[in-house]
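Visitor: I am new to this kind of model and would like to learn how to read it, one feature at a time. Could we begin with single residues and then turn to the spaces between them?

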Amino acid sequence: MTTVNHTSGPARTDPAEAPPGRRIRVGWLDLLVAASCGAIASFVAATIIAGSIEMFLVAMTAPFVLGLIVLWRWRRIGIVWLGAVSLAELLSSAPFLADALTHPETPTDFLPLALFTLSTLVGSAAAVPAFRQAQRPTPPSRRATALAAAAVVVLIGATALSVVAAAGVDSAQTQPGDIALTTTDFRFDTRRITADNG
């Protein structure tokens, strides 16, 4: 006697989940990790541009590094940590970012801030679905892939905007009588400035 297993139709799959294929597919956990690495990269870029290690940037970087280490051992705790850090740093920086991102004419300032903003936004958004999938292998997701692609497009657009804006700004030449003012560790080095009349 033989038995035949009949099925009523093709297997159902979640439309948000995409089967692995030749195209690049990203899962929510992958996206969260990439966003955290993007935030770290923004701080590293700012440090390189500044030419010195600023304690403020180290303090902003450390929670992301810690979160990635925790994620390696305790997945759910790491996901919650990275999501909370992304949201907290984004919200605490929002007043500064709102003004700074309206000035794309200086790529060395604008691009690290654009990368930071985008990374923390994506990290905040990816944390919840990554947490829901934490106990099983994280499958590729069409939504996660679309969000990753959108983030890349926005970053490329921000880069192009900054380059075009910088090209349209003329640098003022140094004139006799100009006063040099420098800052170190977010403080002015010069305590008193003296200028000639007129």
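Guide: In this predicted model, Ala100 belongs to helix H3, which covers residues 75-100.

Visitor: Is Ala100 buried or exposed?

Guide: A residue counts as buried when its relative accessible area is under 20%. Ala100 has a relative accessible area of 16%, and it is therefore buried.

Visitor: Which residues does Ala100 touch, if those up to four places away in sequence are not counted?

Guide: With those set aside, Ala100 touches Phe110 and Leu113. Leu113 is 13 residues from Ala100 in sequence, while their C-alpha atoms lie 7.8 Å apart in space.

Visitor: Where is Thr120 placed, and what is it in contact with beyond four places in sequence?

Guide: Thr120 sits in helix H4, residues 107-132, and at 0% relative accessibility it counts as buried. Its contacts, leaving aside neighbours within four places in sequence, are Phe64, Ser86 and Leu90. In addition, a polar atom of the Thr120 side chain lies 3.1 Å from the backbone oxygen of Thr117.

Visitor: How does one find the spaces, and which helices line the second largest pocket?

Guide: Rolling a probe the size of a water molecule over the atoms reveals where space is left empty. The second largest pocket holds about 200 Å³ of space, and helix H1 (28-50), H4 and helix H5 (142-167) each supply at least two residues of its lining. Among the lining residues are Leu31, Gly38, Leu118, Ser119 and Val152. The lining divides into 10 nonpolar residues, 2 polar and no charged.

Methods
Residues are numbered from 1 along each chain as its sequence is written. This is a predicted model: local features need pLDDT of at least 70, side-chain atom pairs count only at pLDDT 80 or more; totals for chains, interfaces and linings use all residues. Side-chain values use heavy atoms; hydrogens and water are left out. Buried means under 20% relative accessible area, exposed over 50%, partly exposed in between (1.4 Å probe, protein chains only). Contact means heavy atoms within 4.5 Å. A polar contact is a pair of N or O atoms within 3.5 Å; within protein, one must be able to donate a hydrogen and the other to accept it, and residues adjacent in sequence count only if both atoms are side-chain atoms. On a 1 Å grid over the protein atoms alone, a cavity is a set of points where a 1.4 Å probe fits but cannot get out, and a pocket is an open set with protein on both sides within 12 Å along at least five of seven lines; lining residues have an atom within 4 Å of a point. Grid points are joined across faces, edges and corners, and a volume is the space filled by probe spheres set on the points. Ala, Val, Leu, Ile, Met, Phe, Trp, Tyr, Cys and Pro count as nonpolar, Asp, Glu, Lys and Arg as charged, and the others, Gly among them, as polar.
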